[in-house]
Amino acid sequence: MGRILDVNRVLLKISGEALMGDRGYGIDPAVIASLAQQLRDVVVNYELAIVVGGGNIFRGLAASANGMDRAAADYMGMLATVMNAVALHDGLMRAGIDSRVMSAISIQEVAEPYIRGRAVRHLEKDRVVIFAAGTGNPYFTTDTTAALRALEIDADCVMKATRVDGVYDKDPKKHDDAVRYDHLSYIDVLSKGLNVMDSTAISLCMDNDLPILVFNMETEGNIKRALAGEDVGTLVQGE
């Protein structure tokens, strides 16, 4: 299997935790500023959409595990993603990158409603589109949102930004002998229970032959290098 080639439109999945830096909670403006600078080099040559999580503010699944109603907890998580999307939008605009926030739940004072055709039109006009509020439904993760939105906008790949340099057979922060995979098939990810994306997201990508690249966002220039076809992170695709 080769690296990603001939990419024009890409969806970048960013976890909420990635935005908090070393703070342990909330949003670190320095992280957003650094990300915006990386993306300046990307948007010149590629159409870019972003799905951002909300785990730095509120994790619906964790709250549900502690007794909160799952649907209510998930809606709170969706609102957390809106806050992150607005912060990311502000950072991009400050860096001179035209962007729009589109929300799956109605919150018109701060975000446009998600309409597929409008999202595609923004991308065609070289605007970065930030998708907020997940799918608008409880019980679906932002990983699944990333796969779904990528397919809806006809993206060429999903790039999942993490804080490690790919997918390992076990947690590299806990095990010195952890081995990083360069390539994986969708079936490998599901059968080995690897922490790439949730099973619904992986299945969506597998059924529609959509590649997933897992890479370290904290290494400056990785996004541009990956899109240029360099050996960055772990590539998940069909056999």
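# Exercises on a predicted model

Arg-180 is partly exposed, with 29% relative accessible area. The model is predicted. Each exercise below has a worked solution.

## Exercise 1: Arg-180 and its partner

**Task.** Find which side chain meets Arg-180 in a salt bridge, and classify the accessibility of both residues.

**Solution.**
- Step 1. Look for the acid. Arg-180 pairs with Asp-182, at 3.2 Å from N to O.
- Step 2. Apply the cut-off. A salt bridge needs a side-chain nitrogen of Lys or Arg within 4 Å of a carboxyl oxygen of Asp or Glu.
- Step 3. Classify. Partly exposed lies between the limits of 20% and 50%. Arg-180 has 29% and is partly exposed. Asp-182 has 34% and is likewise partly exposed.
- Step 4. Look at a network. Asp-98, Arg-100, Glu-112, Arg-118 and Arg-127 are linked into one network by salt bridges with shared partners.

## Exercise 2: Tyr-168 and the chain across from it

**Task.** Place Tyr-168 in the secondary structure, decide whether it is buried or exposed, and list its contacts beyond four places in sequence.

**Solution.**
- Step 1. Locate the residue. Tyr-168 belongs to strand E7, residues 167-168.
- Step 2. Check the area. Its relative accessible area is 19%. Buried means under 20%, so Tyr-168 is buried.
- Step 3. Take the C-alpha distance to Arg-180. The two residues are 12 apart along the chain, yet their C-alpha atoms are separated by 4.2 Å.
- Step 4. List the contacts. Beyond four places in sequence, Tyr-168 touches Ala-178, Val-179, Arg-180, Tyr-181 and Leu-194. Arg-180 is thus also the residue that bridges to Asp-182.

## Exercise 3: Two further salt bridges

**Task.** Describe the pairs Arg-94 with Asp-90 and Lys-170 with Asp-177.

**Solution.**
- Step 1. Recall the principle. Side chains of opposite charge can pair when their charged atoms come close.
- Step 2. Take Arg-94. Its closest N and O atoms with Asp-90 are 2.8 Å apart.
- Step 3. Add the helix. Both residues sit in helix H3, residues 70-94, 4 residues apart, so about one helical turn separates them.
- Step 4. Compare the classes. Arg-94 is exposed, at 70%. Asp-90 is partly exposed, at 37%.
- Step 5. Take Lys-170. Its side chain meets Asp-177 in a salt bridge of 3.1 Å, N to O. Lys-170 is partly exposed, at 31%.
- Step 6. Count. The whole structure holds 16 salt bridges.

## Exercise 4: An acid in a loop

**Task.** State where Asp-28 lies and what it contacts beyond four places in sequence.

**Solution.**
- Step 1. Locate the loop. Asp-28 lies between strand E1 (9-14) and helix H1 (29-42).
- Step 2. Classify. Asp-28 is buried, with 15% relative accessibility.
- Step 3. List the contacts. They are Leu-19, Met-20, Gly-21 and Arg-23.

## Exercise 5: The whole chain

**Task.** Decide how compact the chain is for its length, then describe its contacts, surface and charges.

**Solution.**
- Step 1. Count the elements. The chain has 8 helices and 11 strands.
- Step 2. Compare the radii. The radius of gyration is 17 Å, close to the 18 Å of the globule rule for 239 residues, so the chain is as compact as a globular protein of that length.
- Step 3. Add the burial. Buried residues make up 51% of the 239.
- Step 4. Weigh the contacts. Among those between residues at least 6 apart in sequence, 71% join residues at least 24 apart.
- Step 5. Take the surface. The accessible surface is about 11,100 Å², with 48% from carbon and sulfur atoms.
- Step 6. Place the charges. The mean positions of the 24 positive and 33 negative charges are 4 Å apart.

Terms used
Residues are numbered from 1 along each chain as its sequence is written. This is a predicted model: local features need pLDDT of at least 70, side-chain atom pairs count only at pLDDT 80 or more; totals for chains, interfaces and linings use all residues. Side-chain values use heavy atoms; hydrogens and water are left out. Helices (H or I, at least four residues) and strands (E, at least two) are DSSP runs, numbered from the N terminus. The radius of gyration is taken over C-alpha atoms; the globule rule is 2.2 Å times the number of residues to the power 0.38. Buried means under 20% relative accessible area, exposed over 50%, partly exposed in between (1.4 Å probe, protein chains only). Contact means heavy atoms within 4.5 Å. Accessible areas come from the Shrake-Rupley method with a 1.4 Å probe; for residues, only the protein chains shown count as cover. Lys and Arg count as positive and Asp and Glu as negative; His and the chain ends are not counted. The place of a charge is taken as NZ of Lys, CZ of Arg, CG of Asp or CD of Glu.
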